[in-house]
Amino acid sequence: MDDLRLLPGPGLPDGLVIPDAELVERFSHASGPGGQAVNTADSRVQLSFDLATTRAFTDLQRSRALHRLASRLDGTVVTIEAAEFRSQHRNRIAARERLAELLRAALAPPPPPRRPTRPSRGSVDRRLNSKTKRGQLKRQRRAPTAE
């Protein structure tokens, strides 16, 4: 197939191209419907990509991807499986799209830290007034005390 292209986005201002030679595809029998070719077609695709050895990433991108995808990695290799289609070609395309989306999310820069804010004076006054009214309403509902 062709090289894997990631479109420009957050963390990828110019996009990214992963050479086809760095992607490893394996094929096997997929479970589920398949008709006459169910036991002969190797339609399930396993697409593997080694994050540590790729030349497509900068050092910052590599460390960010390794950190964010740590739970999905086997060593430094991320693997995507696709078996939802009966066609091997469509499963290959689906696996590449999922890998591209996963890498795009992993390479996005972290969000800026939250800046703490304070409630406005008017909102504090409204909250305290509503609490006072609610307390008065509850006091009115009490049984009268015998004095």
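Me: Where does R62 lie, and is R62 buried or exposed?

Reply: This is a predicted model. In it, R62 lies in helix α1. Burial is read from relative accessible area, and buried means under 20%. R62 has 16%, so R62 counts as buried.

Me: What does the side chain of R62 reach?

Reply: A polar contact is a pair of N or O atoms within 3.5 Å. Here the side chain of R62 reaches the backbone oxygen of T54, at 2.3 Å.

Me: Which residues does R62 touch, not counting those up to four places away in sequence?

Reply: With those sequence neighbours set aside, R62 touches L51, A52, T54, R55 and F57. T54 is thus on the contact list and also supplies the backbone oxygen for the side chain of R62.

Me: F57 is on that list. How do I read a pair of aromatic rings?

Reply: Two values describe such a pair: the distance of the centres and the angle of the planes. By the rule used here, the count comes to one aromatic pair. F49 and F57 form that pair, with 5.9 Å centre to centre and 80° between the planes. Planes over 60 degrees apart count as edge-to-face, so F49 and F57 are edge-to-face. Both phenylalanines, F49 and F57, are buried.

Me: Another phenylalanine, then. Where is F27, and is F27 buried, partly exposed or exposed?

Reply: F27 sits in strand β3. Partly exposed is the class between 20% and 50%. At a relative accessible area of 33%, F27 is partly exposed. Leaving out residues up to four places away in sequence, F27 touches D42, R44, V45, Q88 and R92.

Me: How many residues separate F27 and A143 in sequence, and what is their distance in space?

Reply: Compare the count along the chain with the C-alpha distance. F27 and A143 are 116 residues apart in sequence and 78 Å apart in space.

Me: R92 touches F27. What is the span of helix α2?

Reply: Compare the end-to-end reach of a helix with the expected span at 1.5 Å a residue. Helix α2 covers residues 88–107, which is 20 residues. From first C-alpha to last, α2 reaches 28 Å, close to the 28 Å expected.

Me: What caps the N-terminal end of α2?

Reply: S87 does. A side-chain oxygen of S87 lies 3.3 Å from the backbone nitrogen of H89.

Me: Which residues of α2 are buried, and what do they pack against?

Reply: The buried residues of α2 include N91, R92, A95, R96, L99, L103 and L107. The buried residues of α2 pack against strands β1, β2, β3, β4 and β6, and against helix α1.

Me: Where is A108 found, and what is A108 in contact with?

Reply: A108 is found in the loop between α2 and α3. Its relative accessibility is 17%, so A108 counts as buried. Outside its neighbours within four places in sequence, A108 is in contact with P10, R64 and R68. A65 is 43 residues from A108 along the chain, with 9.1 Å between their C-alpha atoms.

Me: What is the radius of gyration of the protein?

Reply: The protein has 28 Å, whereas a compact globule of 147 residues would be near 15 Å. The C-alpha atoms fill a box of roughly 90 × 45 × 25 Å along the principal axes. Buried residues make up 27% of the 147.

Me: And in what order do the elements run?

Reply: There are three helices and six strands. From the N terminus on, they run β-β-β-β-α-β-β-α-α.

Note on methods:
Residues numbered from 1 in each chain as written. Predicted model: local features only at pLDDT ≥ 70, side-chain atom pairs only at ≥ 80, totals over all residues. Heavy atoms only, no water. Phe/Tyr/Trp six-rings, centres within 6.5 Å; stacked < 30°, edge-to-face > 60°. Buried < 20%, exposed > 50% of the residue type's maximum accessible area, 1.4 Å probe, protein only. Helix = DSSP H or I, 4+ residues; strand = E, 2+ residues; numbered from the N terminus. Expected span 1.5 Å × (residues − 1). Contact = heavy atoms within 4.5 Å. Polar contact = N/O pair within 3.5 Å; in protein donor to acceptor, adjacent residues only side chain to side chain. Rg over C-alpha atoms; globule rule 2.2 N^0.38 Å.
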